Amino acid sequence: MSRATDPDAPEPIDCIEFNYPFPLFVFDENEEYVDVLTMRDNVQFSTFLRNLPEDHFISLSYPISGTLFSGELLEINNNEELAEAIEACVKDQYQGNCNFLLKSCLWNVESVTGISEVFQGATFQINDNAIAQLHLENEIYFGTWTTFYIGNALHLNIHFLENEAISDAWNFDWELSYVTPTNIQLTYNTNQEALLRKDCTINCELGIYEVCEEEATPGQAIFNLNNYTVCSYIPNTHDLVSPLQVTFYETESDALLGVNEVSGTAYTNAENPQLLYSRIVYLENEETLFVSEITIEAISCN
C-alpha cells in the first residue's frame, strides 16, 4: 500500500486521491437506507455528489483532513466540499490500489488505544461486494472501507452502520501511519490507534474448518466456531446493511428451530470429521436468513 518511487516520474498531484472502486451506502432524510453504489472513478464520483439531494447523505465519515505536499491543510466537511476537492484534481494516472491488499485474507484487531477493548480480537473482512464486515464474537456488522491519499498520507475512511458503539469506535477518517504487508497501523487525532494484523490461516474455499487436534486426545480438538463466521455464506436476499448473528447446532432440525445451541467459543467434536449446522439470523428481530452445513475436522499438526 506504499507509493512506488521513481526519480523520473512527474511530480505527484497535490490533492485528494481515492482508490477506486469502492462502495457507498446512500441514506434518505430519515436516515433510512436507500441504495449501495460502486464508485469507479473521479468523474462518476463528483457527478454523483453533485446530483445527490441535499437531504441525503452517504457512508463517508467527515471531517476528512490531511496535509498536502505543499504543507497546506486540507479539510473537507461535507459532500459539496468533497465534490469540489475531487474536481480540483486533474489526474494523469491512477496511483496505487490499496483495496487489493485490504481484500486479501482477514484483518484481526491486535491492539487498540483510545478505543473500547471489546474490539480487541475482532476481525475485519472485505466481502465479494467490496463491503466491509466487522466480525465481533458471533455477530457480523456491515459498512464501508474507503482508501485515498491526501498529499503523501494514506487514509482509510471507515463507516459502519446500525450500532452506536461500533460507530463511535470506528467511524473516522483514519490515517494509515504504518503499513507493512501484514500490519496496518490506524491513527486518528493522535489519541486513537488500532493495530490490524493480516490473517490468512482460515481458508474458506477449503469448505472445512480445520483445527489442530489435542495432544492428549487425538482426533479431537477444541473449536472456536465463532472464528469461522468469516466463512459464513450470506445469501443475496440479505439487504447488505442489517447486522447478523451466527449460531451453531449439531442437527439441522435444531438449527431450523434455534434450539440446543452449542458453544461458539469452545466446542469439542464428537466425530472426526463432523457435520454441524450454522443458523444466520437478523440481529434486530431474530428472523432466520439462512441455515447451512459446516464441516469441522481435527487434524494432526505435528
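Let us start at Phe18, which counts as buried because its relative accessibility is 3%. Keep in mind that the model you are looking at is predicted. Tyr20, a short step along the chain, counts as buried too, at 8% relative accessibility. The rings of Phe18 and Tyr20 form an aromatic pair, with 6.3 Å from centre to centre and 40° between the planes, and this pair is tilted. A second pair is made by Phe27 and Tyr33: their ring centres are 6.4 Å apart and their planes stand at 70°, so this one is edge-to-face. Phe27 is buried, with a relative accessible area of 6%, whereas Tyr33 is partly exposed, with 30%.

These two pairs belong to a wider set, as the structure holds 21 aromatic pairs. Further along the chain you can pick out one aromatic cluster formed by Phe119, Phe124, Trp145, Phe160, Trp170, Phe172, Trp174 and Tyr188.

Now turn to Glu139, which sits in strand S10 (residues 139-150). This residue is buried yet has no salt bridge, and the nearest side chain of opposite charge, that of Arg279, is 13 Å away. What does the side chain of Glu139 join through a polar contact? The partner is the side chain of Tyr141, at 2.5 Å. Leaving aside neighbours within four places in sequence, Glu139 is in contact with Leu134, Leu244, Gln245 and Leu283.

The last stop is the cysteines. A disulfide is a covalent bond between the sulfur atoms of two cysteines. The structure holds three disulfides. One joins Cys105 to Cys200, with 1.9 Å from S to S. This pair links distant parts of the chain, 95 residues apart: Cys105 is in the loop between helix H3 and strand S7, and Cys200 in the loop between strands S14 and S15. With 105° about the S-S bond, the link of Cys105 and Cys200 is right-handed.

Another disulfide is formed by Cys204 and Cys231, whose sulfur atoms are 1.9 Å apart. Cys204 lies in the loop between S14 and S15, and Cys231, 27 residues away, in the loop between strands S16 and S17. Their link is left-handed, with -80° about the S-S bond.

The remaining one joins Cys212 to Cys301, with an S to S distance of 1.8 Å. Here the torsion about the S-S bond is about -95°, so the disulfide is left-handed. Cys212 is in strand S15, while Cys301 is in the segment after strand S20, 89 residues apart. Cys212 counts as partly exposed at 40% relative accessibility, and Cys301 is partly exposed with 44%. Numbered in sequence order, the bonded cysteines pair as 1-2, 3-5, 4-6.

Methods:
Residues numbered from 1 in each chain as written. Predicted model: local features only at pLDDT ≥ 70, side-chain atom pairs only at ≥ 80, totals over all residues. Heavy atoms only, no water. Phe/Tyr/Trp six-rings, centres within 6.5 Å; stacked < 30°, edge-to-face > 60°. Buried < 20%, exposed > 50% of the residue type's maximum accessible area, 1.4 Å probe, protein only. Helix = DSSP H or I, 4+ residues; strand = E, 2+ residues; numbered from the N terminus. Lys, Arg positive; Asp, Glu negative; His and termini not counted. Salt bridge = Lys/Arg side-chain N within 4 Å of Asp/Glu carboxyl O. Polar contact = N/O pair within 3.5 Å; in protein donor to acceptor, adjacent residues only side chain to side chain. Contact = heavy atoms within 4.5 Å. Disulfide = S-S within 2.5 Å.
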